[in-house]
Every structure is written in structure tokens, then in C-alpha cells.
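Student: Could you take me through one part of this model closely, namely the open sheet, what packs on it, and the core and loops that go with it? I would like the cut-offs stated as you go.

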Amino acid sequence: MNFKTYRLVALVAWPLAAMNYAAAQVPSPAATPTPATAAESRSVNDWLMRMHEASKKRSYIGTFVVSSGGAMSSAKVWHVCEGNQQVERVETLTGAPRSIFRHNDQVVTFMPDHKVVRSEKRESLGMFPELLQSTDSRIADFYRMRHEGVERVAGIEADVVVLVPKDSMRFGYRIWTEQKKGLVVKLQTLDADGKVLEQAAFSELQLDAPVKMDQLIQMMGKVDGYRVEKPVMVKTTASAEGWVLKAPVAGFKPMSCYKRPAAASAAPGAEPLQWIFSDGLASVSIFVEPYDRQRHEKETSLSLGATQTLTRQLDTYWVTIMGEVPMATLRHFANGLERKK
Amino acid sequence: MNTMKPSMQTSELMSALADGQLGGEDFAAALQACQHDESAVASWATYHLIGEVLRSPAPVVHGADLAFLGRLNQRLLQELPEPLLGGHRQPGIADSAAQAGAKAGANVAHHRGAASNDGNLRWKWVAGFASLAAVSAIAWNASGLLLPAAAPQLAQGSAQQVLVASPQGPIVRDARLEELLAAHKQLGGASALQVPSGFLRNATFETPQNAGR
């Protein structure tokens with residue numbers, strides 16, 4: 001079983017390594033002469049809107065590769081859209097086999113090894129245009145955009161744009177978007193020194209591929225022989241649960257707050273509260289659960305790829321804070337969190 | 001959780017365990033079988049050896065000497081109060097290693113009898129760590145698979161620790177942290193980049209169980 005994995009990793013590692021190599025050969029993407037076109041004059045929001053729209057207009061089949069924290073994963077992707085409907089199928093090629101189907105914000109994950117299928121609604125998927133509209137200037141307040149030129153990714157000419165954070169509270173992003181419609185073909189998360197923390201890219205991409213929506217929707221509904229799990233999340237507010245962030249962290253606004261009702265997991269009452277923040281690009285989750293001396297040994301901070309994690313004990317509670325932000329930002333959250341008196 | 005599925009024979013269970021195919025109750029049952037039944041551990045070792053032979057092009061050096069392992073675990077328990085690696089750095093790990101070893105047995109040993117480096121504490125620590133790694137590799141297969149509901153509960157109820165590689169070197173994470181990470185990735189995707197690529201990224205990278213390989 002491991003051998004297969006190795007072969008796969010080697011297979012996907014090669015194009016990615018080649019990609020890196022190619023990138024290294026070009027001294028700087030900016031060296032590519034860029035005509036002063038619309039690409040230059042677009043604002044941060046224009047770019048983001050264009051990327052978002054592109055995923056609603058393009059059908060494609062491709063292989064997607066993610067490299068993070070020293071590990072690499074890949075998946076085969078089918079994407080189709082008609083009108084307001086978007087359907088996506090993701091078949092993982094690394095690790096345990098999984099098929100993930102997405103129909104707009106409805107996500108179904110098949111785990112054939114366990115004969116389990118998980119069906120859930122992901123609100124964050126429907127959030128975007130509103131996210132941008134309601135917070136219109138916010139992303140631009142905290143990130144500056146720079147057009148870095150043109151590069152080829154997965155055989156496709158792409159504009160390279162960099163979102164540079166204006167303060168040290170967040171990471172930067174380098175994004176490759178297909179020139180014609182703006183589909184994102186590669187994405188890097190960068191730390192303050194510009195070092196790549198994580199990257200994701202198509203290693204091959206067939207645009208306007210003939211993908212049949214009906215067929216994908218049909219596959220998505222085929223749960224015979226599977227146990228269907230529907231994680232129940234109860235929407236709540238931090239305030240109602242007795243928590244407050246006394247010192248807000250610059251740019252991050254609370255988005256939502258959930259509670260997992262007592263289920264099979266752990267002891268009763270141990271279900272964590274999840275309070276989610278976002279600055280429009282990066283998100284942070286604060287988990288709060290009762291402190292348990294047996295399970296919560298010591299406070300730690302952990303970094304894997306772009307995702308940082310910090311744990312703290314706060315009175316009789318155990319707090320875990322996670323996000324695609326620098327550790328210092330998580331510390332701000334930790335220091336600002338307080339139990340309401 | 002305490003009862004083994006009657007449909008699954010111990011040897012079958014051990015075979016599945018060695019292949020990392022168990023989850024949930026089966027996994028717990030397998031670990032319990034290991035604890036109470038020495039022949040179960042022996043058959044696990046055999047299946048493991050078979051797997052290694054099949055997979056490895058090189059000759060397999062194998063000495064899963066259970067008697068040795070038993071002695072090792074006892075010694076590890078005795079050694080605990082003493083400082084390890086020049087300080088009290090990771091008593092939790094050594095402890096778990098001893099427990100884990102007792103639970104499932106592992107392919108640690110290339111040495112038999114009282115080793116010449118008996119006095120070398122560091123060597124024992126490493127061996128214990130290796131046994132933890134072997135066991136947690138199995139635990140990882142079973143527990144890294146997403147859901148809290150699907151995550152196995154170990155008989156002891158202690159934190160399930162998982163060894164993963166990171167840029168900072170090997171680190172120990174527990175299954176609970178994995179659950180939270182999954183929750184963060186699922187619900188925390190409040191980002192303008194979510195639809196174009198964040199979702200794909202998380203779908204592709206949901207279980208980092210191959211981290212560091």
C-alpha cells in the first residue's frame with residue numbers, strides 16, 4: 001500500500017519540482033515584459049472578484065497538487081458550471097481514498113475504506129461575494145496588490161499577482177490566474193520574508209473539458225452501502241456562550257460561531273466551541289473546551305505549512321487557536337480572549 | 001467497545017491491524033486482543049513480517065522478540081523517574097511509549113538479551129520512541145481519517161498521540177488536535193480565496209497522514 005503511495009508521490013513530485021525549477025530559472029517574474037494592460041490597473045477587489053467569477057464560468061478537468069509542511073498530496077478534479085450551479089468532484093490520489101463532491105455549498109465526502117459518507121453544508125462556500133461586498137474596503141485595507149508579470153502554469157499562460165500584507169499580522173499570497181478568465185491555477189502562501197509556506201497548483205489542466213453535471217450529481221447521490229453521517233453543528237454566538245475578545249485583532253472580524261452537540265466523541269460537555277474570524281483572506285478558529293488534566297498536558301505552539309496552532313489553559317478551559325496566520329497573531333487572539341464576568 | 005466482533009477472528013483482526021485497515025470499534029477490539037492474548041501479538045508480528053517481506057526488495061532484518069519487548073517495557077517503566085536526555089524533556093512520550101508497547105508490540109528489536117549498551121539511556125529512549133512510532137503509525141491510519149465519530153477510543157482513554165514530521169522535526173500531535181484541524185479547515189474557510197482554490201486545497205489535503213514521507 002505504501003509503495004503505491006510512493007510511486008504516486010514521485011509522479012506528482014516531478015512536475016512540481018520541474019515547476020519550481022522552471023520558476024528558479026526565471027530570475028524574476030517581473031523580468032517578463034508586461035504590457036501595461038488592464039492587468040495593471042485592476043484593484044485587489046477586482047482581482048478577487050474575477051477569480052471568483054472564473055470558477056463560475058469555467059469547466060475543467062485537472063490534477064491538483066498541494067505541498068504543505070513537508071508533505072505533498074494530489075487529487076484529480078472535475079469542475080462544471082451551468083448558470084448558478086457549480087458541481088465539483090475531487091478524487092484524492094494520495095493517502096486514503098476519498099471522493100469529495102460539491103454542489104454549490106453542499107459537500108459530500110465518500111470514504112470507501114470505512115464505507116462512510118459525510119454530508120454537510122458549508123456556509124463558508126456561499127459567503128464570498130457577500131464577504132467582499134460587506135467588507136469591501138477591508139481586504140484592500142490590509143493587503144496591497146502587485147502584478148508580477150506572466151508565467152506559464154500547467155500549460156496555461158497566467159498573470160502573477162502578489163497580495164502583500166500591510167502589517168505583520170497576516171501572511172502574503174502569490175496567485176497565478178489564467179489570463180483569459182482569471183481561473184486560479186496556482187497559489188502560494190508566503191511568510192514575512194517571502195518564503196513559501198505552502199503551495200497548491202494544477203500540474204495539468206484541461207480547460208472547457210466536457211464534464212457532465214447530471215452525471216456528477218448522480219454520482220454524488222449514490223450512497224448505497226454507505227453509512228451516511230451528517231455532522232450537526234449548532235449555531236451560536238460567542239457572547240451567548242460567555243466569551244468575549246476584549247482586544248480585537250486588527251482586520252479580523254468574527255464570522256460565525258458553532259457548537260458541536262454531544263455526540264460519540266469524548267466526554268459529555270467536552271464538545272468544543274468554534275469561533276471563527278476572518279480578515280477576508282485568512283481565517284482563524286478559536287476552540288474552547290473544558291480543561292481536562294488527562295488530555296491537556298502542556299501549552300504548545302505548532303506550525304505545519306501555513307497553518308499555525310497554539311494551545312493555552314484559561315482558568316478551567318482549554319483554548320486551541322488555529323489559523324493561516326503568523327504565530328504572533330494567534331497570541332494576540334489568545335491574550336484578548338476572556339470569560340465574560 | 002469491549003466486545004470483539006464475533007464475525008472477525010483474532011487472526012483476521014490482526015491481519016487487518018497490520019495492514020492499517022481497522023477503525024473504530026474494530027481497532028479498539030484489536031488493541032484489547034493484543035493486551036490479553038500473547039498469540040494475538042505474535043500473529044500481528046507475523047503479519048507485519050509478511051507485509052514487510054512482500055513490500056521490501058531488500059532482505060528483511062526482523063527480530064520482533066516479544067520477550068525482549070516485555071523486558072524493554074519493564075525497564076522503560078523503571079527508568080522513568082530518571083532524567084532522560086539530560087532533563088525532564090519528554091516524560092509523557094516515554095510513558096506513552098511504554099503503554100503503547102504493552103498494548104500492541106512492535107518491531108523494535110535487533111538485539112537480544114542484555115545488550116552491551118544497556119547502560120545507555122539514550123538508546124532505550126530511542127527504542128521506546130520507535131515502538132511508539134510503530135504503534136502510532138497504525139493509530140494514525142485509523143484515527144487520522146477525519147471524523148470525531150469515526151475516531152477510535154483507545155481502551156485506556158489516554159490521549160492518542162501521533163508522531164508527525166514537521167519542519168521543526170518530529171512532533172507529537174493527538175487525534176483531538178486533528179479533529180480541531182479538520183473543523184477549522186471545514187468551517188474556517190471564510191476567505192475570498194475559498195471558492196477558487198481553498199476548497200480544492202482542503203479537499204486534496206484533508207488528511208496529512210503522509211506528512212514528512
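Tutor: What follows describes the sheet, then the nonpolar cores, then some hairpins and loops. This is a predicted model, in which local features need pLDDT of at least 70 and side-chain atom pairs count only at pLDDT 80 or more, while totals for chains, interfaces and linings use all residues. Residues are numbered from 1 along each chain as its sequence is written, and chains are lettered from A and ligands numbered from 1 in the order in which they are written.

In chain A, seven strands make up an open sheet in the order 13-15-16-17-20-19-18, with antiparallel pairing; strands are DSSP runs of E with at least two residues, helices are runs of H or I with at least four, and both are numbered from the N terminus. Two strands count as paired if DSSP finds at least two bridges between them. At the edges are strand 13 (234-235) and strand 18 (301-304) of chain A, each of which pairs on one side only. Within the sheet, seven bridges link strand 19 (residues 307-314) of chain A with strand 20 (residues 317-323) of chain A in the antiparallel sense, and Thr309(A) has Met322(A) of strand 20 of chain A opposite.

Helix 8 (residues 327-336) of chain A packs on this sheet, touching strand 17 (283-290), strand 18, strand 19 and strand 20 of chain A, and its direction makes about 25° with that of strand 19 of chain A. Chain B contributes helix 7 (residues 175-187), which packs on the sheet and touches strand 15 (253-259), strand 16 (273-278), strand 17, strand 19 and strand 20 of chain A, at about 50° to the direction of strand 20 of chain A. Contact here is a C-beta separation within 7 Å, with C-beta atoms placed from the backbone; the axes are lines fitted to C-alpha atoms, for helices over the stretch in contact, and angles between N-to-C directions run from 0 to 180 degrees.

The largest nonpolar core has 89 residues, and those with the most contacts inside it include Leu281(A), Val284(A), Ile286(A) and Ile321(A), as well as Val153(A). Such a core is a set of buried Ala, Val, Leu, Ile, Met, Phe, Trp, Tyr and Cys residues joined through C-beta atoms within 7 Å, where buried requires 20 or more other C-beta atoms within 10 Å of a residue's own, exposed 12 or fewer, and partly exposed a count in between. Its largest share, six residues, comes from strand 2 (residues 71-82) of chain A. Because domain 1 (2-227) and domain 2 (232-339) of chain A both give residues to this core, it lies between them; the domain bounds come from an automatic or database domain assignment.

Val153(A) touches residues including Trp176(A), Val185(A) and Phe202(A), leaving aside residues up to four places away in sequence. Ala154(A) lies in the loop between strand 7 (143-153) and strand 8 (156-165) of chain A, and its phi is near 50°, a positive value in a residue other than glycine. Ala154(A) counts as buried because it has 22 C-beta neighbours inside 10 Å. Asp208(A), in the loop between strand 11 (196-207) and helix 7 (213-220) of chain A, likewise takes a positive phi of about 50° without being a glycine, but Asp208(A) counts as exposed, with 11 C-beta neighbours inside 10 Å.

Definitions and conventions:
Two residues are in contact if their C-beta atoms, placed from the backbone, lie within 7 Å.
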